[in-house]
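Trainee: Could you take me through one part of this model closely, and then set another part of the same kind beside it? I would like to see how each sits in its surroundings.

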Amino acid sequence: MTEQIPQRSIPTQAQVVIIGGGVIGCSVAYHLTKLGWQDVLLLERSKLTAGTTWHAAGLIVSGGFGSETTINMAKYTRELYGRLGEETGQDTGFKPVGYLEVASNAERLEGLRRQADFARGYGIDVEQISPAEVKKLWPLLHTDDLLAGFFNPLDGRANPVDTTIALAKGARMGGAKILEDTRVIGIQQENGRVRGVVTDQGVIEAEYVVNCCGIWAREVGKMAGVNVPLQASEHYYLITEPIEGVNPDLPIVEDPELYLYLREETGGLMVGMFEPIAEPWGMKGIPEDFSFGEIPPNWDRLMPYLEKAMKRIPIAKEAGVHMLFCGPESFTPDMGPMMGEAPELRNFFVAAGFNSLGILLGGGAGQVIAQWIVDGHPPVDISEINIERMSPFRNNPQYLYDRTVEMLGWQYAEGWPNLHFQSARGIRKSPFHDRLAAAGAWFGESDGWEFADWFAPQGVKPIAEYSWKRQNWFEYTAGEHKAAREDVILMDLTPMSKFLVQGRDAEIVLNRICARDIAVDIGRCVYTTWLNERGSIEADLTVTRLAEDKYQVVSSWSIHTHVITWLKRHIPAEAHVTVTDVTSAYSLINIQGPKSRQLLNKLTSADMSNPAFPYQTIREIDLGYALVNALRITYLGELGWELYVPSEYSLHVYDRITEAGMDFGLKHAGLQALDTLRLEKAYRDYGHDIDNLDTPLEVGLGFTVDYDKPVDFTGREAFLKQKESGVLTRRLVQFLLEDPEPLLHGGEPIFRDGLRVGEIHTGNYGHTLGGAVGLGPIKHSDGVNKEYIDNGKFEIEIVGVRYPARASLRPLFDPKGEKVKS
């Protein structure tokens, strides 16, 4: 008779249940206990680190990022790993051997210089060094073709397993419990809120659940009805036999042109690859028994990349191969991690999809998620990490497979402006797509939407030639920009997110959500912000009253899921209100420019005059055989209308407009022109110029808050407190370079009287203003006001050169808005 092994007892409840015992899960547990939460339970299906953590390369790099959020997460991670051993008694193996990235062509050199300029603003000292200095640091490297290296002596390497065990030990010391060999097989929920987990050993009730499951995160998400679109892929590194001259003190090396990273491993070399054509893995599911697992390597597929990589380290060709390791790593569709509370389920958090950077970002990621849970709101700008940015279609297996093929190589892709993914394209198209293609459109992609970015002249094939300098479409966009300022343009904005909010309580509910008063006459449009309780901005959008009980809400498609989630979560259960996503029901044609009224007058019997059709009003008009809603509004700083066209009438309306437009010099314009035009007018772009940490007063949107309206609204108290203080230590400012040649792309440091005070968030070329224009926040402890701006000498640093710049709190183009209201 077989001996029965008694089943151990497990807790029946915990305040927080963390699923996944890799570096991320253990970091979340550690940081929760640091914030005083002790009722924390971590469940691991096998053993700690058994998924992908155990085979990670352990690179700890802090400066290779282009946003404040990720660079601070990486910097904090490095600092944490350096002191965690002393705190817990478990060494992480962190060793600051330094980090060296090399450039072998001019474009890569400029990209790394820009990256280094940005990093220095966050206390990361990256030094540009010569090829000779590279050779001195790494004598075995081939350096003849190098232009420069970029060295940070404080970065280095850690032992992934030891680091995770140290985090787990620290969590236990703080009161957390960790159970290995405990598989989660279900998620319990009630009324849209998580209630616990079902394990193979029983049910555990929980107030919060955190999905830190790495390559299993997508499957665990499905248990909860939560989309976690990530896909495992093969990831390789080769380890050589010992090589003379290789020692543990050599810096980490990355050569992005060769998709290569190098570090010492037991006297030999670890030669890691992020090849540009990858192989997704586990499409039929990850094996149940996959623990400390490996994937049989495909030598034939990888050899061309390895041979290319060996050019940088020729001695590796002569060394014996100890092993070619292949293990899975998970990748997301846009190379950003997925973090935060799931839009589908309250209190269900996700921290997954770190694109092979889990060790590198692990400390910071755990800190952010823990703080988010404890405070009830994120402590950082979440624009590029929020799981809400992911649309449900991205969880489609075929989409994930096709996109993941491209993803590994993006780890080392040059971060050129206007760079777009090439895989998994053509998913979401406006009705005008083929017409725009015939007109010469070059299409970009965002959240699956194909959008016309710019238009090539007749007879020129639209192909993007990437560069940090003026790209080949620069003059094409200049022509589109000029047409918008002097004549009239047609722009397809169909991807804009469109919602109907309806019901007898629609006004009451929206007025509590909106900072501006939306109790307006039928036909009026209101540009407003949505604030949280801290007074910072959750969204900026337009709210248009279509009827007594019906409103249209329009936002950027980049915050589509956030907007509809925020709406639904702020509608009281007893309210008579419904929210309907009508994005696909209407196309959106943007007609803008001084001749827009003349063009529309030719197409409709409606009175388009200023008295009959004032700014920020909507009317139903006839256009050809169709009826469309025309909203007089602009995001370009010109007279113009947005035409909301029922989808089935779209081509008919488009054809009528383009035919009539020939008499007025109508020109197609893409989103590059939109960007150049709106930046001249200093119009803000949520997720780029402003984010969830900004307040309306700090970013020049105080006019979007009617603090004295008769209805209370979310964020009112915090807004009034900041307003009454009279001091703003941070302000969003518009800048115009005095030199017409340099370009701004975002991330460039801002200097006032020689001191760094901020960096550009977004930049482009102001073809009307005659130079590069950008928006960026500047900080000063005594306050930033008009006097501070006017009395300072401002410069913007671009690749090490500082260029004089004009700074302004008011729009440099048409500051009084006369063109808009003409």
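Mentor: Happy to! Let's begin with H1, whose buried residues are Val 23, Ile 24, Gly 25, Cys 26, Ser 27, Val 28, Ala 29, Tyr 30, His 31, Leu 32 and Thr 33. Buried means under 20% relative accessible area, exposed means over 50%, and partly exposed lies in between (1.4 Å probe, protein chains only). The model is predicted, so local features need pLDDT of at least 70 and side-chain atom pairs count only at pLDDT 80 or more, while totals for chains, interfaces and linings use all residues. Residues are numbered from 1 along each chain as its sequence is written, and side-chain values use heavy atoms, without hydrogens and water.

Because 11 of the 12 residues of H1 are buried, the rest of the structure largely encloses this helix. Helices here are DSSP runs of H or I with at least four residues, and strands are E runs of at least two, numbered from the N terminus. H1 covers residues 23-34; at 1.5 Å a residue it should span 16 Å, and its end C-alpha atoms are indeed 16 Å apart. That expected span is 1.5 Å times one less than the number of residues. Just after H1, Gly 36 takes a positive phi of about 95 degrees.

Now set H8 (residues 358-375) beside it: its 18 residues should span 26 Å, and the end C-alpha atoms are 24 Å apart, which agrees. H8 is mostly covered too, with 14 of its 18 residues buried. At Gly 364, H8 bends by about 35 degrees, the angle between axes fitted to the seven residues ending there and the seven starting there. Just after H8 comes Gly 376, with a positive phi of about 85 degrees.
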